[in-house]
Structure formats: structure tokens, C-alpha cells
Protein chains: 2
Amino acid sequence: MFHTEHCVTIDAPIQYVYDVLADVEGYAKLFPPTQAVTLLEVGPDYQIAKLVVEVSGQIQSWTTRRDLDVVHRIIRYQQLQTAPLLDHMGGEWRCFQLRGEQTQLVITHDFAVRTAVNGLVLGQYTPEQAEEMVRGAVERNSAADLDAVKKEAERCVLSIKDADAPPLPLSSQI
Amino acid sequence: MFHTEHCVTIDAPIQYVYDVLADVEGYAKLFPPTQAVTLLEVGPDYQIAKLVVEVSGQIQSWTTRRDLDVVHRIIRYQQLQTAPLLDHMGGEWRCFQLRGEQTQLVITHDFAVRTAVNGLVLGQYTPEQAEEMVRGAVERNSAADLDAVKKEAERCVLSIKDADAPPLPLSSQI
């Protein structure tokens, strides 16, 4: 069982960041490796979705349950049907208000690689290879995902500021 | 100029974590590489201290100014006299309350390596070597420092719980 935490500072108010994360159907646009998201079930404080994602060049899919704690602005996720190499994958997106209009975003992962059968995971990899592949993917994806959320939340702030800005004076429109 | 962020979840209330971090004189006991701390100046919301620290097997020292924001539970640090390889080093310790009695601790680093003279930093290292040394030290020290603060804050919680516990029944003391 492994536990990792990764974080980033975002120049956007916490509600913007949380809204980007809560929109699971938007993940196909948000995260380049995510090919498709199908919402299977939704309640006032949870979502169950099937994700199709490119991981290390391979198309994989899994079903995830996400519990949304809007008060603490935490989304807990748990794969119900895991990705191929995994016995277990869960964790949290956590948003914290930083001074002013900034947000500290954290993502955590708790995971375990599938048990080897006759010394091999999925009949192909030694446990060490499987572990290295999963850990590498978690490291790369954490950095990429945090960066994607940061860019999208900061883009939202800028687009709203632009919309609020007075129209350009006529002279500069010529 | 580089920016890094590292984080950890601590099973202790935020005030415990902040108190551990605010006690700069306690760093010599808290962080094994820290050999000595001399408080040079102290005000209601800042400290200036000289630290002697073992970095990658070498004893180095620097002077740091720490600005303590007790409301947001953030300590901003800035090296006034930098460690040998550095042109600049600063960052923040940030504490955030997590659900219940947990704390999300974040440390950030903003740093730049000293400019090379005649192609060498300190007359010994190429800029790439110097950068790799500093980045490696920041990675290793971030993980070690977060872990040390986590252990100390969690130890404080346990020791207070133990002090609150009723004395053992006489029969079990025999």
C-alpha cells in the first residue's frame, strides 16, 4: 500500500478550483489523457463515473465513486472497478483557501498493485515492474493533473475579469 | 529560478503543527541535519536566525529571516545570507486545517543557483551540476523535514493524551 501527496498553488479563489474539480464530465476536456467520461450515477453529494484514460500509451478504463464534501471542499475518489494493474486506488482532491484570492490544491493517492499470480502481475510483469509502472504513472499524472486544474481555474478568473472590464474605447477599436 | 511545493498530512490539530514550526530554536532537535540555531533578532512577528546545517555531507550555514503570520498560520522564510551554492532561497511553511483534528502541511521553496564565474559555480561546479545538487537537496530535505514535523506534532498529541489519561490501576503497576 502506497500513499503519496502532491500540491500546487493556484491564483484563483477556492470556489473556482472546487468547481473545476467537481465537474467530472469536464475531465475529458480538462485532462489531455482522459478520452471519455460517462456519468453512471449521481446524487446530491456523490458521482459514479466511468473514465477512459490513456496511461503510459495504453487506453485503460475504470469506474470511480467520488464523494463531494462541499463544506470542506474535498472530493474523495475511490475506484470501484480498478485500472488493470491495481488492486486498489483511492484518494482525495483537497482545496484550501490561501491568503487573498489564492488556493492551495492537494491531491493524495492511496494505492496497491494487484497481487502477482505465479510470480507475475497480469501474466506479464514482475511485482517490482508493476509497482514501478504504477508509481511512475502516479508521479507523472499528479504533476500534470495539478497543472491542468491550475491553468483552467486561472483561465476562468481571467475570462471573468475580461468580461467585467469596460469595453475598449472606440478609438482603440478602429 | 525554481519553485517547488511538497506536502504531508499530519494527525494533529493545526496549532500543534504551527507551534512546532514557530520554535526555530527547536530546529536543532527537530531536524537531524540542523546542528545549531542562534537567534540573532526577534520581534512580535519575525525572527532572524543563523542556522548551521549538514547538507549532502558538508557543514553549511546561512542566516534566515522568518515572518510569522499566526492568523493564516504561514511562516515565510528568506535567506539573508545564503548557503554557498545559492543566489536566492525563500519560501513558506503553510498549515491548513483538515477535517477534524488533522492538518495539511505544505512547504514551498523558491530558489536560484549562484551565477557561474568563468563557467563554474564556486570555482568547482558547472551550472548544471550546481543546479542538480541544489534540486536534489531540496527534494530530499523537503521529504525529511515534513516527516520530522509530522512525527513531532503527532508525538505531542500522544504525550498530551497520555498525560490526560487516568493513572494505571494499581494492579497493573505491580
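Two strands count as paired if DSSP finds at least two bridges between them. The exercises below apply this to a predicted model.

**Exercise 1.** Determine how strands β4 and β5 of chain A are joined, and which residue of β5(A) stands opposite R65(A).

*Solution.*
Step 1. Locate the strands: β4 of chain A covers residues 58-69, and β5 of chain A covers residues 74-81.
Step 2. Consider the bridges: 7 of them join β4(A) to β5(A), and the two strands run antiparallel. Pairing requires at least two bridges, so β4(A) and β5(A), with 7 bridges, are paired.
Step 3. Find the partner: in β5(A), Q78(A) stands opposite R65(A).

**Exercise 2.** State the strand order of the open sheet in chain A, and explain why β1 and β2 of chain A each have a side without a neighbour.

*Solution.*
Step 1. The 7 strands of this open sheet follow the order β1-β7-β6-β5-β4-β3-β2 in chain A, with antiparallel pairing.
Step 2. β1 (2-10) and β2 (34-43) of chain A are found at the edges; each has a single partner strand, and therefore one side of each lacks a neighbour in the sheet.
Step 3. On average, neighbouring strands of this sheet are turned by 20° against each other, direction ignored.

**Exercise 3.** Describe how helices α1 and α3 of chain A lie on the strands of chain A.

*Solution.*
Step 1. Helix α1 of chain A (residues 14-22) lies across β1, β3, β4, β5, β6 and β7 of chain A. Helix α1(A) runs at about 155° to β6(A).
Step 2. Helix α3 of chain A (residues 127-164) lies across β1, β3, β6 and β7 of chain A, and runs at about 20° to β1(A).

**Exercise 4.** Decide whether S142(A) is buried or exposed, and list the residues that it touches.

*Solution.*
Step 1. S142(A) belongs to helix α3 of chain A.
Step 2. The cut-off for a buried residue is under 20% relative accessible area. S142(A) has 0% relative accessibility and therefore counts as buried.
Step 3. Leaving aside residues up to four places away in sequence, S142(A) touches H6(A), I107(A) and H109(A).

**Exercise 5.** Identify the strand to which β1(B) is joined by 9 bridges, and the bridge partner of V8(B).

*Solution.*
Step 1. The 9 bridges join β1(B) to β7 of chain B, residues 103-113, and these strands run antiparallel.
Step 2. The bridge partner of V8(B) in β7(B) is L105(B).
Step 3. Helix α3 of chain B (residues 127-164) packs on the sheet and touches β1 and β7, among other strands of chain B. The direction of helix α3(B) makes about 20° with that of β1(B).

Methods
Residues are numbered from 1 along each chain as its sequence is written. Chains are lettered from A and ligands numbered from 1 in the order in which they are written. This is a predicted model: local features need pLDDT of at least 70, side-chain atom pairs count only at pLDDT 80 or more; totals for chains, interfaces and linings use all residues. Side-chain values use heavy atoms; hydrogens and water are left out. Helices (H or I, at least four residues) and strands (E, at least two) are DSSP runs, numbered from the N terminus. Contact means heavy atoms within 4.5 Å. Axes are lines fitted to C-alpha atoms, for helices over the stretch in contact, and angles run from 0 to 180 degrees between N-to-C directions. Buried means under 20% relative accessible area, exposed over 50%, partly exposed in between (1.4 Å probe, protein chains only).
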